[in-house]
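Grab a coffee and open the structure beside this page. The exercises below each set a small task and then walk through a solution.

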Amino acid sequence: MQLAIPHAPRQVRLTQVPGAVGRVVRGVLLGLVAVALLGTGAGWAGRFFVEEQGFAARAEEVEGLVVASRLPPLDARDGAEAALEVLYTFAEAEHSVSGVRTFAEYAEGLGRGARVTLLVDPAMPDRPREAGFARSRAMRVGLLPWGIGLGVLVAAGYFAWEMRRLWRSEVEPLRLGALVWLTPDGPLPEARGEVSFPAHYFRQDVKHAVRARVRPGRAPVRNGEKVLAAVVPRQPGWARVIDQDLAGVLGWLR
């Protein structure tokens with residue numbers, strides 16, 4: 001077996017690296033799943049957002065009277081909700097409605113006959129909302145589009161980061177890395193997945209210790225007890241062992 005390895009930069013494509021395409025496909029599939037989930041969430045949030053904005057635009061302020069209130073237990077009121085039964089007049093018609101949601105802390109101070117400000121939609125006059133609670137809810141809903149947009153950006157950024165990491169770890173060593181003959185510090189490990197082992201090489205009579213990555217079930221290119229490896233340019237303490245299959249795909253064997 002003779003080697004014919006060109007000088008750096010060498011012509012190496014991502015598709016020539018075993019396993020790299022599979023990782024890209026998995027990344028694309030995960031990205032599509034994430035986009036589908038975000039799209040579903042965006043559709044639901046969009047309808048909810050439109051409904052809330054429509055209510056806020058149509059609703060009119062009306063003064064109501066508290067008839068009764070239902071509060072959660074004392075030890076569970078922090079951040080909890082309460083329900084009010086209210087009387088109010090809208091469009092010259094009297095309404096009595098129960099189950100009007102509000103903050104429990106606010107409802108604590110409302111006794112029978114207390115006045116509250118309600119928001120009433122003319123299209124649904126029998127479904128009022130307590131004004132402070134409704135406006136706080138609308139403010140939170142207004143942040144939904146920004147949250148969804150941020151989620152899309154995070155997903156796209158993660159995919160770009162993964163592609164960059166894949167290129168740097170798999171392609172750059174073969175294109176630009178120094179090719180060296182590594183001497184393993186012990187027997188090469190046997191495992192089903194990719195493993196690493198300690199090794200060293202000499203350059204200009206200087207010993208360099210590295211961790212070497214090797215693919216399972218592949219025969220490394222050997223020179224006696226030494227194995228051929230490419231030093232990772234951005235991580236000189238790491239090297240990638242070059243096996244005979246990879247060398248053949250890259251055209252480095254005669």
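**Exercise 1. Find the main contributor to the nonpolar surface patch, then list the patch members.**

Step 1. Helix α1 (residues 20-58) gives the largest share of the nonpolar patch, namely five residues. Helices (H or I, at least four residues) and strands (E, at least two) are DSSP runs, numbered from the N terminus.

Step 2. The patch members are V21, V25, V28, L29, L32 and F159, and together they have about 490 Å² of accessible area. Patches are made of residues with over 30% relative accessible area and no salt bridge; like charges are joined within 9 Å, and nonpolar side chains (Val, Leu, Ile, Met, Phe, Trp, Tyr) within 5 Å. The areas come from the Shrake-Rupley method with a 1.4 Å probe, and for residues only the protein chains shown count as cover.

Step 3. Take L29 as an example: this residue is found in helix α1 and is partly exposed, with a relative accessible area of 49%. On this scale, buried means under 20% relative accessible area, exposed over 50%, and partly exposed in between (1.4 Å probe, protein chains only).

A word on the ground rules: this is a predicted model, in which local features need pLDDT of at least 70 and side-chain atom pairs count only at pLDDT 80 or more, while totals for chains, interfaces and linings use all residues. Residues are numbered from 1 along each chain as its sequence is written, and side-chain values use heavy atoms, with hydrogens and water left out.

**Exercise 2. Trace the pairing of strand β8 with its neighbours.**

Step 1. Start with strand β7 (residues 195-203), which runs antiparallel to strand β8 (residues 206-214) and is joined to it by nine bridges. Two strands pair if DSSP finds at least two bridges between them.

Step 2. Look at the end of β7: R203 stands opposite V206 in β8. Two residues lie between the strands of this hairpin, and Q204 takes a positive phi near 50°.

Step 3. Now turn to strand β11 (residues 238-241), which pairs with β8 in the parallel sense over three bridges. Here A212 has A239 of β11 as its bridge partner.

**Exercise 3. Classify the aromatic pairs, and locate a charge over a ring.**

Step 1. A pair of aromatic rings is described by the distance of the centres and the angle of the planes. Rings of Phe, Tyr and Trp (its six-membered ring) pair if their centres lie within 6.5 Å; planes under 30 degrees apart count as stacked, over 60 as edge-to-face and the rest as tilted. The count is two aromatic pairs.

Step 2. F103 and F133 make an edge-to-face pair, with 5.1 Å centre to centre and 65° between the planes. Because F103 lies in strand β3 (residues 93-103) and F133 in helix α3 (residues 131-141), the pair ties together parts that are 30 residues apart in sequence. F103 is partly exposed at 28% relative accessible area, whereas F133 is buried at 6%.

Step 3. The ring centres of Y158 and W161 are 5.9 Å apart and their planes are at 35°, so this pair is tilted. Y158 and W161 both sit in helix α4 (residues 144-176), three residues apart, about one turn of the helix.

Step 4. For the charge, go to R129, which lies over the face of F55 at 3.9 Å from the ring centre. The rule asks for NZ of Lys or CZ of Arg within 6 Å of the ring centre and within 35 degrees of the ring normal.

**Exercise 4. Compare three salt bridges by the parts they link and their exposure.**

Step 1. A salt bridge is a side-chain nitrogen of Lys or Arg within 4 Å of a carboxyl oxygen of Asp or Glu. The count comes to eleven salt bridges.

Step 2. E63 and R115 meet in one of them (2.6 Å, N to O). The pair links distant parts of the chain, with E63 in strand β1 (residues 60-70) and R115 in strand β4 (residues 115-121), 52 residues apart. E63 is exposed at 53%, and R115 is exposed at 57%.

Step 3. E108 and R77 also form a salt bridge (3.0 Å, N to O). E108 is partly exposed at 42%, while R77 is buried at 16%.

Step 4. In the salt bridge of E170 with R240, the closest N and O atoms are 3.0 Å apart. E170 lies in helix α4 and R240 in strand β11, so the pair ties together parts that are 70 residues apart in sequence. E170 is buried at 6% relative accessibility, and R240 is buried at 3%. Salt bridges that share partners join E170, R213 and R240 into one network.
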